Amino acid sequence: MTSSTGPAPLRSPRIHPAWAVAAVAFLALIGAAGFRAAPGALMVPLHEEFGWSTSIMSLAVSINLLLFGLTAPFAAALMDRFGIRQVVAAALTLVALGAGGSVLMTASWQLLVFWGVLIGLGTGSMALVFAATIATRWFHKRRGLVMGMLTAGSATGQLITLPFVAHLADTAGWRQASLVIAGVALIVVPIVWVVLRDHPHERGVLPYGAHEGYEPPATVTGSAFRRAVNGLTFAARHKAFWALAGAFAICGATTNGLIGVHFIPSAHEHGMSQTTAAGLLAAVGIFDIAGTVASGWLTDKFDPRILLALYYAFRGVSLMLLPLLLSATVHPSMVLFVVIYGLDWVATVPPTATLCREIFGEQGTIVFGWVFAAHQVGAAIAALGAGVIRDSFGTYTYAWWAGAVLCAIAVVLSLVVRPHRKIAPAPVAAMATD
């Protein structure tokens, strides 16, 4: 015998509302991703108008990058405590305030507030934890596929936004470009409010693919901050967490930190124009969409540990060969690098999120938030470290090779995780739930 807490008996409709929820979540991620690609297109106009140094503007982006990761576990707890649509609507509003408010800037410290703090907190609250929450709550089957699709939403947002923002900044000015980003984020808010719900039983349905006998989860109460911190202290006692966090930190280091920040200047040093190098990096983003969705599908069918090991191995080999591939022109080998690295870019997300769920159970989403925080910390360290290596040795070669070594470590870390040994949850009192 089971009981239902929803307004109507739980059912499995022909067209499941979970897909509408996933579609709106995808749209919300696109809206939140609008600014993530914008700084590269807006830094030159800001320098020309205000004379601000690249270091100041880079500091604002660095604050954004760190907050993007560190906000995630607390956002997961807030979603548990106050609801998905409330947190998502607030996050999109913060992005809009940061982008729209920046048009009023007159001093460089304001850039740190708008670009760094407001947008960092907003995008962090809409990070991969949001995708993991939707996939876990609304889907019993196809979780990996949905996770891959939602993860691709972030890349899609950047691909859609960057060319338009760059063109608008060149023709109409950076203020108009910033206002467009703010407008896109605000447009999504009412759609989120109407469609998103916390759990399927609020719509009177079972999660997609769930069988009769499913019971809705208990309502979470207590301090969201305490839940996030307790989630970290709970996970930190287990080796699986450190293996996952370490591997995902390497993921961030070898994507956002190395390639995302330093590929264009490194290619330029080999004689390639910055426009061509930027085009190659955009192509990486295109293949990223296909790779992430495919990874989600594969995660539903194969051992996620093996998938992670393969992804990191391919990435390591690519980084090892990159110094030999860079040249003044685009040749077939460089195209192959772009394809492989693009398919591999965030393909690690669906299997990592799945392992967090399998190992840490109901706290898996918050644990994944902390694992994602490690991803962003790794990205920040690698971005700085690669710059130091370039200044010290006069070349990026050692930075690429260091990334390859890190990928080999990530292969080992992925294989030592034991996904089928679910860890018992923390005591009820420690979890701050009823």
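This is a short dialogue about a helix and a surface patch in a predicted model.

Biologist: Where do we start: how many helices and strands are there in the protein chain?

Modeller: The predicted model has 19 helices and zero strands in the protein chain. Of its 434 residues, 53% count as buried. Among contacts with a separation of 6 or more, 85% join residues 24 or more positions apart.

Biologist: Let's take α18. How does its reach compare with the span expected at 1.5 Å a residue?

Modeller: Happy to! α18 has 20 residues and reaches 30 Å from its first C-alpha to its last, close to the expected 28 Å.

Biologist: And which residues of α18 are buried?

Modeller: The general idea comes first. An α-helix has 3.6 residues a turn, so residues three or four places apart point the same way. In α18, the buried residues are T397, A399, W400, G403, A404, C407, A410, V411 and S414. Viewed down the helix axis, the buried residues of α18 fall within an arc of 160°, so they line one face of the helix.

Biologist: What covers the buried residues of α18?

Modeller: The cover includes α11 (239-257), α12 (259-269), α14 and α17 (364-393).

Biologist: Now the outside. Which residues make the nonpolar surface patch?

Modeller: V317, M320, L321, L324, F393, Y398 and W401 make a patch of about 750 Å². Two elements, α14 (304-325) and α18 (397-416), each give two or more residues to this patch. α14 gives the most, with four.

Biologist: M320 is on that list. Why does M320 count as partly exposed?

Modeller: M320 sits in helix α14. M320 counts as partly exposed because its relative accessible area is 40%, and partly exposed covers values between 20% and 50%.

Key:
Residues numbered from 1 in each chain as written. Predicted model: local features only at pLDDT ≥ 70, side-chain atom pairs only at ≥ 80, totals over all residues. Heavy atoms only, no water. Patch = residues over 30% accessible without salt bridge, like charges linked within 9 Å, V, L, I, M, F, W, Y side chains within 5 Å. Areas by Shrake-Rupley, 256 points an atom, 1.4 Å probe, with all protein chains shown as cover. Salt bridge = Lys/Arg side-chain N within 4 Å of Asp/Glu carboxyl O. Buried < 20%, exposed > 50% of the residue type's maximum accessible area, 1.4 Å probe, protein only. Expected span 1.5 Å × (residues − 1). Arc of directions from axis to C-beta. Contact = heavy atoms within 4.5 Å.
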